[in-house]
Every structure is written in C-alpha cells, then in structure tokens.
Amino acid sequence: MAKPKMALYWAAACGGCDVDVLDTNEKILDIANLVDIVFWPIALDFKYHHVEAMEDKGIDLCLFNGAIRSTEQAEIAKLLRNKSKVMVAFGACACFGGIPALANFTDREEIFERVYHEAPSNNNEKGTVPLLKTSVPEGELELPELFDTVLTLPQVVDVEYFVPGCPPPVDLILKLVDLYARGQLPPVGSVIASDKTCCDECDRVKEEKKISRFYRPHEIITDPKKCLLEQGIICCGPATRGGCGMRCVKANMPCRGCFGPPPGVVDQGAKLVSALASIYQGNTDGDVKRMLEEVVDPAGTFYRFGMADSMLKRKRLQKSRGSVRNAKD
Amino acid sequence: MPKISVNPITRLEGHGKIEIFLDGDGNVANTYLQIPELRGFEKFCEGRPVEELPRIVPRICGV
Amino acid sequence: MKTARRIPLLKKMLSQFGIEEDRVRLDWVSASEGDRFATIINQMTEQIRQLGPFSSNGGGEHG
C-alpha cells in the first residue's frame with residue numbers, strides 16, 4: 001500500500017515551524033519512513049505546478065504554517081485545501097495570526113511608506129516600490145497583492161486541526177504524527193495541546209493574586225520560584241492554553257500567549273484585561289491612573305500572537321476602501 | 001518572450017520566484033528574482049515596548 | 001471594585017484599535033434612579049451620534 005502523502009507549506013512565516021519539524025532530529029527519519037513528503041519548500045524542490053497537478057484530496061496530511069496576508073498565500077492555502085484530506089493550522093501564525101498579525105495595527109500603505117521610503121537605512125532615491133505588474137523589456141513581471149489585514153488560516157479555508165505555539169514544541173509535532181499514524185486523531189476542530197491554561201501547568205509557587213503595581217520585566221529582579229504575575233510582571237498565562245512546557249517562564253520571561261486562548265475564552269486580550277485589572281489592588285482614581293501608566297502597550301501585549309483571531313481583528317482602517325474582498329470567495 | 005518560472009524557490013528561508021526570459025534561440029535573455037512577501041516588521045514594531053523587541057524580532061527568521 | 005479598573009484599561013486598549021474612548025462609558029445607576037438612567041442613555045446616544053457610525057473594516061471585510 002502506498003505511504004500517505006504529506007505536504008508542508010509556509011505563508012507569512014519565519015521558517016521557525018519548518019525548522020521545528022526538522023528539530024525532531026532523528027525522529028524525522030521515522031516521519032520520512034511513515035509518509036511521502038510531496039511538498040516542503042524549505043527542504044524539497046517541489047514547485048506549485050507539482051501541487052496543481054495532484055488529484056484533489058491526493059495529499060493525506062497538510063501542515064500549513066504562517067498567516068495569510070497576500071493573494072498568493074490565500075491562493076496556495078485554497079490550493080492545498082483542495083488537494084488535502086486533512087489540513088492542520090500549524091503554529092501560532094496559522095492558528096491565530098502570530099507575530100505577523102501585529103501588522104493589523106497598521107495597513108499596507110503605512111507599511112510601504114515605512115519600508116520603501118521612510119526607513120533611515122534606505123537607499124531608494126528613485127522611490128521604487130513593488131508593483132503588482134511591472135513592465136520590463138522582455139515582458140511583464142507580477143507580484144501578489146498584499147492585504148491590509150492579516151488573516152488566520154481558518155479565516156481563509158476550513159481547517160481540521162490546530163497545533164499552536166511559536167513554534168509548537170517538538171513533542172506536539174510527534175504527538176500529531178503519532179495520532180495520525182495510529183488513526184486516532186481527535187474530533188475535527190481540536191487543538192492538539194492541553195485543555196488547561198498555562199497557569200495550571202506552571203509549577204511556580206502561587207499564593208495570593210493581589211498586586212500593588214505592574215513592573216516591566218527589566219524593572220525588577222524576579223524570584224524564579226514565585227508566580228511572575230504575583231510579582232507584578234504582566235504574564236499572559238491566565239488566558240493562554242497550556243501544553244508548551246512553560247518554556248518562557250522557565251527562562252524567567254513572562255508568557256506572551258503564543259498558544260492562544262484556552263478553551264472557553266473567545267477573545268484572549270479581553271480576558272487578560274479582565275484578569276489583570278481584577279488582581280490589581282487600588283480603587284482610587286490615582287490608583288487607576290497609575291495602573292494605566294504601568295500597562296504600557298495593552299493591545300500589543302495581550303494580543304501579541306492573536307491580533308487576527310481577536311474579536312476586533314484589526315485597528316480601524318482610516319481610509320475608505322474601494323473594493324472589499326472576502327477571503328473565502 | 002517565452003518565460004520559465006521557478007516558483008517557489010526552495011531549500012532556503014523565505015519566499016521567492018525566478019522568471020527566466022528566453023530569446024528566439026532559446027538562450028537566456030534576462031532573469032529576474034522577485035520576493036513576493038512583506039510582513040512589515042519595520043512598521044509594526046513601532047509602539048511596542050523596547051524590552052519586548054527581543055521577543056518579537058527573532059520571528060523575522062526562525063531558521 | 002474590579003469594573004472600575006477594567007473599564008479604563010479596556011478603553012486604553014481600545015484606543016490602540018482606533019476606537020474613541022467616548023464609545024465606552026461607565027456609570028453607576030441604582031434601580032430606583034429611573035430618571036437618571038434615562039438621562040445617561042440619552043446623553044450616550046447623542047454622543048455616539050456625534051461620533052458617527054463605527055466602520056471597523058475588521059471582522060467582515062478583509063483586504
């Protein structure tokens with residue numbers, strides 16, 4: 001019987017999730033024995049036309065990492081969806097938007113302005129910018145169109161499973177492959193991680209959640225055994241799904257939510273506003289004012305990996321848009 | 001002119017495509033490398049606390 | 001009172017989304033203050049009218 005076919009692809013990504021799969025070290029050989037990898041740009045030389053030539057649902061398992069922020073990324077997501085039986089949103093970017101979704105605080109015009117004109121290190125006297133179509137003496141060149149708004153994979157195509165994390169821990173990848181090999185994948189729509197929060201998984205000592213002020217991580221030296229939040233460091237653990245092994249907290253850095261919201265929480269950032277404001281001690285106007293000054297970048301901290309997945313999804317666009325595109329069309 | 005597209009380029013980090021234009025004899029007339037992605041770190045890092053940058057910018061490249 | 005801290009923090013965060021702080025209002029009204037309730041609602045309604053419709057371009061439209 002032929003081996004199952006697997007594809008991996010990266011959209012608006014950094015390559016970390018692909019390297020992550022390689023980080024399974026010698027177990028990658030087990031994976032290679034188990035499946036035929038038919039598309040994986042970081043490691044294999046298959047082209048888009050190879051995927052286009054495959055029969056629909058010919059790919060058994062597709063691990064898709066990266067957020068969607070261009071026409072090309074949306075097209076390849078739809079192409080791979082057509083060709084794949086099971087689509088996995090792999091990594092925080094595909095699941096929730098990830099770091100690239102911080103671009104939802106700005107828009108394409110502002111990005112182009114900064115990148116191609118304003119940036120101090122630029123040497124672009126002619127003011128060249130990328131164009132959708134460029135005429136050259138030999139013919140025409142095309143580039144995909146960038147969206148103003150970064151999207152998650154499920155906002156573009158149907159997704160069966162989610163593996164969160166930036167990047168997902170190696171043991172979760174192996175768990176996914178193992179479950180797949182044994183035909184024991186959980187119900188469609190499942191997140192392959194813990195169903196508890198990071199706080200539940202964290203083994204720091206938790207006493208009483210009452211803090212008199214917030215500190216930025218560089219302002220104090222923290223006790224490595226005590227809960228970071230109780231010491232005044234803003235930690236997103238209370239509103240983040242567990243299963244990551246608390247890698248950041250073990251390195252003495254507060255959680256920033258890369259596993260997304262835990263079960264039952266629809267909007268990670270709103271939950272964090274609620275949780276942090278609740279444990280802050282102080283009721284006078286002065287206390288509230290102080291608290292607001294101490295939380296320096298609420299939206300960027302509480303939605304660090306989840307802007308595209310939030311209820312508001314993006315900062316209000318200032319200009320009126322000529323054409324409105326629905327990414328699922 | 002006839003054109004050969006190498007899309008995507010592979011076995012490196014990042015996205016790219018190469019367009020090779022051939023002349024009448026089938027020789028390469030010109031070749032163009034295009035990078036069809038832009039995430040905008042240069043812009044969206046603005047407004048973030050400086051101590052958070054070391055946790056944001058490594059996501060430019062995870063390799 | 002948790003709400004008294006939550007709402008200002010929420011407003012600060014919403015302002016980063018480009019949502020005017022005046023679109024959110026916190027007030028304390030008891031069940032016996034019917035007239036005051038009506039006044040506050042009317043004031044808020046007028047305030048929102050002045051601010052205009054909220055077109056976020058988020059959620060439904062992408063592009």
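The following exchange concerns a predicted model and the grounds for several descriptions of it.

Visitor: What makes residues of chain B and chain A part of the contact, and how many does each chain give?

Guide: Two residues are in contact if their C-beta atoms, placed from the backbone, lie within 7 Å. The contact takes 41 residues from chain A and 32 residues from chain B. On the side of chain B that touches chain A, strand 2 (17-22), strand 3 (28-34), helix 1 (41-44) and helix 2 (53-56) each give two or more residues. Strand 3 of chain B gives the most, with four residues. This side of chain B divides into 13 nonpolar, seven polar and twelve charged residues.

Visitor: Why are strand 1 and strand 3 of chain B said to stand at the edges?

Guide: The open sheet of three strands in chain B has the order 1-2-3, with antiparallel pairing. Strand 1 (3-6) and strand 3 each have a single partner strand, so one side of each is left without a neighbour in the sheet.

Visitor: What makes strand 1 and strand 2 of chain B a pair?

Guide: Pairing requires at least two bridges. Strand 1 and strand 2 of chain B have four bridges, in the antiparallel sense. B:Ser5 stands opposite B:Glu19 in strand 2 of chain B.

Visitor: How do you know that the span of helix 4 of chain A agrees with its number of residues?

Guide: At 1.5 Å a residue, the 13 residues of helix 4 (residues 71-83) should span 18 Å; the end C-alpha atoms are 18 Å apart, and therefore the two values agree.

Visitor: Which elements cover the buried residues of helix 4 of chain A?

Guide: The buried residues include A:Ile76 and A:Leu80. Among the covering elements are helix 3 (48-53) and strand 5 (84-90) of chain A.

Methods:
Residues numbered from 1 in each chain as written. Chains lettered and ligands numbered in written order. Predicted model: local features only at pLDDT ≥ 70, side-chain atom pairs only at ≥ 80, totals over all residues. Nonpolar A, V, L, I, M, F, W, Y, C, P; charged D, E, K, R; others polar. Expected span 1.5 Å × (residues − 1). Buried ≥ 20, exposed ≤ 12 C-beta atoms within 10 Å, placed from the backbone.
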